[in-house]
Amino acid sequence: LAASCAACHGTQGNSVGITPTLAGLDQGYFVTQMLAFKRGERSPTVMHHHAKGLTEDEIQSLAIYFAAQARLSRTAPQTEQLKASHGH
């Protein structure tokens, strides 16, 4: 069930893009947010379509799964200053 989330939210819920990381989220928070998407109570995003296709039991299962995943800290790539002699 969580495999369909990986395309946007990363493997085991650890996003590498701009989408939120789901790994390690509090179960209650996850359920509340997903139900808000399902009911149209949050601003429209692609998540409304995904949430509407899930039962409340499936949302609860996803909440348990993502809460149990380790949240990996990610660091942004370091910018590097090129030396004036670079390429000469």
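Here is a chat between a visitor and a guide about the structure above.

Visitor: What makes this model one to read with some rules in mind?

Guide: It is a predicted model, where local features need pLDDT of at least 70, side-chain atom pairs count only at pLDDT 80 or more, and totals for chains, interfaces and linings use all residues. Residues are numbered from 1 along each chain as its sequence is written, and side-chain values use heavy atoms, with hydrogens and water left out.

Visitor: How many helices and strands does the protein have?

Guide: There are four helices and zero strands, and the pattern along the sequence reads α-α-α-α. Both kinds of element are DSSP runs numbered from the N terminus: helices are H or I with at least four residues, strands are E with at least two.

Visitor: How do you know whether the length of H2 agrees with what a helix should span?

Guide: The expected span is 1.5 Å times one less than the number of residues. H2 has 13 residues and should therefore span 18 Å; its end C-alpha atoms are 18 Å apart, which agrees.

Visitor: Why is Phe30 called buried or exposed?

Guide: Buried means under 20% relative accessible area, exposed means over 50%, and partly exposed is in between (1.4 Å probe, protein chains only). Phe30 has 5% relative accessibility, so Phe30 counts as buried. In H2, Val31, Gln33, Met34, Leu35, Ala36 and Phe37 are buried along with Phe30. Across the protein, buried residues make up 31% of the 88 residues.

Visitor: What do the buried residues of H2 pack against?

Guide: They pack against H3 and H4. Contact here means heavy atoms within 4.5 Å.

Visitor: What makes a group of residues a nonpolar core, and which residues have the most contacts inside the largest one?

Guide: A nonpolar core is a set of buried Ala, Val, Leu, Ile, Met, Phe, Trp, Tyr and Cys residues joined through side-chain atoms within 4.5 Å. The largest has 16 residues, and those with the most contacts inside it are Phe30, Met34, Ile59, Leu62 and Phe66. The elements giving two or more residues to this core are H2, helix H3 (46-52) and H4, with the largest share, five residues, coming from H2. As for Leu62, leaving aside its neighbours within four places in sequence, Leu62 is in contact with Leu1, Ala2, Cys5, Phe30 and Leu54.

Visitor: How many aromatic pairs does a search of the whole structure find?

Guide: The search finds two. One is Phe30 with Phe66, at 5.8 Å centre to centre and 45° between the planes, and this pair is tilted. Rings of Phe, Tyr and Trp (its six-membered ring) pair if their centres lie within 6.5 Å; planes under 30 degrees apart count as stacked, over 60 as edge-to-face and the rest as tilted.

Visitor: What does the pair of Phe30 and Phe66 tie together?

Guide: Phe30 lies in helix H2 (residues 27-39) and Phe66 in helix H4 (residues 56-68), so the pair ties together parts that are 36 residues apart in sequence. Phe66 has 2% relative accessibility, so Phe66 counts as buried.

Visitor: What kind of aromatic pair do Tyr65 and Phe66 form?

Guide: That one is edge-to-face, at 5.1 Å centre to centre with 70° between the planes. Tyr65 has a relative accessible area of 32%, so Tyr65 is partly exposed. Ring pairs link Phe30, Tyr65 and Phe66 into a cluster.

Visitor: How many disulfides does a search of the whole structure find?

Guide: Zero. A disulfide is a pair of cysteine sulfur atoms within 2.5 Å. Cys5 is in no disulfide, and the nearest cysteine sulfur, that of Cys8, is 8.9 Å away. Cys5 counts as buried, because its relative accessibility is 17%. Cys8 counts as partly exposed, because its relative accessibility is 45%.

Visitor: Why is Pro20 called buried or exposed?

Guide: Pro20 has 53% relative accessibility, so Pro20 counts as exposed. Pro20 lies in the loop between helix H1 (3-9) and H2. Leaving aside its neighbours within four places in sequence, Pro20 is in contact with His9 and Ser15.

Visitor: What about Glu58: where does it lie?

Guide: Glu58 lies in helix H4 and is partly exposed, with a relative accessible area of 28%. Glu58 and Leu1 are 57 residues apart in sequence, yet 7.9 Å apart in space, C-alpha to C-alpha.
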